[in-house]
Amino acid sequence: MRAYNIAIVGATGLVGSTFLKVLEEYQIPIQQLKLFASERSVGKAIRFQETEYYVEAVTPGCFKGIDYALFSAGGSVSKVVALQATKEGAVVIDNSSAFRMDPNIPLVVPEVNLEDAFGASLIANPNCSTIQSVIPLFALKQAFTITDIEYNTYQAVSGAGYKGIHDLEGKTKGFFPYDIQATAIPQIDVFLEDGYTKEEHKMMDETKKILHDSTLRISATCVRVPVRYSHGVSIRVTCKETIDLARVRKVLSAQVGLVLLDNPDDLVYPTSIQATGTDFVYVGRLRKDLNYDNVLLLYVVADNIRKGAASNAIQIMKGLMNHDQSR
Ligand SMILES: NC(=O)c1ccc[n+]([C@@H]2O[C@H](COP(=O)([O-])OP(=O)(O)OC[C@H]3O[C@@H](n4cnc5c(N)ncnc54)[C@H](OP(=O)(O)O)[C@@H]3O)[C@@H](O)[C@H]2O)c1
């Protein structure tokens, strides 16, 4: 594989620093690496593969010659700077929510719809809880006709970046609306007029876009919990067919990127403890709803900073690199 010129915008952040870790682990061949953050961080040294890199501010022309630009600096930065990067010739993979629901921009989870990214100059990385949910749903779609989905999330504080972790550790106070050391908080992001939060809408809307099915009926309740890393999502799936658990196990076991952890007798089920630091989506607690033959319940955990953000973006980039090489 040829070596690539890569830029990271938001390199000093939680997702940005994980980009660097994952780039190294995945042995992405790099010719040039440029690291960008806000003016506050300009000149800060970041070590990567035995070399010191210095954080820069975004300036006109700074993306010229860059093949791939990975963005994790928030929506307002992406809205302006991602377009600059594409104009200057880079392929952008953006972690913010700025472009996710733009019908002209693909929203991609490589295990599900990598082909949507081929030929695009700007690709959106989905919301963290959505990424880990659509992988088992995609597998289930191979065997069942899904009509309804209900999400209930248990989301780690790191989903809100370093500020979230500092609040849980007691280093700061007041970042979350209530004391996260003392309570779960049934609010992530702002409330909208319909009573749902923006995070809940992201899960509902993004799932339909990634699975290419606008007819799905989806509801979501998103809750922040006092856990550092890895989100849990409890999913209730209604299908047209009667649920056959053996068939469910078969399709989930065959799904790339998914690990089935489902042996309650031995206390085997997904937790943040297994998921943190890995790029797999862990699925367990499989059971039928006792009231409805066509309803399946499952519980899904994944590392929100890795599979929910940095690793998913780098897997998209790697998929595009492989696709380009094979043409
Ligand atoms: N945490 C997650 O689980 C997660 C998951 C999926 C997506 N995301 C998304 O990823 C993005 C970053 O999240 P995070 O958790 O890494 O946040 P974070 O730890 O707060 O990091 C934010 C990064 O953005 C940089 N930045 C801020 N203003 C900038 C500007 N004007 N120009 C260039 N860089 C700027 C910051 O630089 P300084 O250090 O200089 O301030 C820092 O590098 C957000 O859009 C978030 O929604 C996060």
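The following points concern the ligand and its surroundings in this predicted model.

1. Placement. The ligand occupies the largest pocket. Because domain 1 (4–126 + 308–325) and domain 2 (129–304) both contribute residues to the shell around the ligand, the ligand lies between these two domains.

2. Secondary structure in the shell. Two helices deserve mention here: helix 1 (14–25) and helix 9 (306–325) each provide at least two residues of the shell around the ligand.

3. Composition of the shell. The ligand is surrounded by 24 residues, of which Thr-12, Val-15, Ser-38, Arg-40 and Ser-41 come nearest. By class, the shell consists of nine nonpolar residues, 14 polar residues and one charged residue.

4. Polar contacts from side chains. In the side chain of Ser-41, an N or O atom is 2.4 Å from an oxygen atom of the ligand. For Thr-12, a polar side-chain atom lies 2.5 Å from a ligand oxygen atom. Both Thr-12 and Ser-41 are among the residues that come nearest to the ligand.

5. Polar contact from the backbone. Leu-14 places a polar backbone atom 2.9 Å from an oxygen atom of the ligand. The contact at Leu-14 therefore falls within the 3.5 Å limit for a pair of N or O atoms.

6. Burial. Taken alone, the ligand exposes 910 Å², and the protein buries 75% of that area.

Definitions and conventions:
Residues are numbered from 1 along each chain as its sequence is written. This is a predicted model: local features need pLDDT of at least 70, side-chain atom pairs count only at pLDDT 80 or more; totals for chains, interfaces and linings use all residues. Side-chain values use heavy atoms; hydrogens and water are left out. A residue is near a molecule or strand if one of its heavy atoms lies within 4 Å of it. A polar contact is a pair of N or O atoms within 3.5 Å; within protein, one must be able to donate a hydrogen and the other to accept it, and residues adjacent in sequence count only if both atoms are side-chain atoms. Accessible areas come from the Shrake-Rupley method with a 1.4 Å probe; for residues, only the protein chains shown count as cover. On a 1 Å grid over the protein atoms alone, a cavity is a set of points where a 1.4 Å probe fits but cannot get out, and a pocket is an open set with protein on both sides within 12 Å along at least five of seven lines; lining residues have an atom within 4 Å of a point. A molecule sits in a cavity or pocket if more than half of its atoms lie within 2 Å of its grid points. Helices (H or I, at least four residues) and strands (E, at least two) are DSSP runs, numbered from the N terminus. Ala, Val, Leu, Ile, Met, Phe, Trp, Tyr, Cys and Pro count as nonpolar, Asp, Glu, Lys and Arg as charged, and the others, Gly among them, as polar. Domain bounds come from an automatic or database domain assignment.
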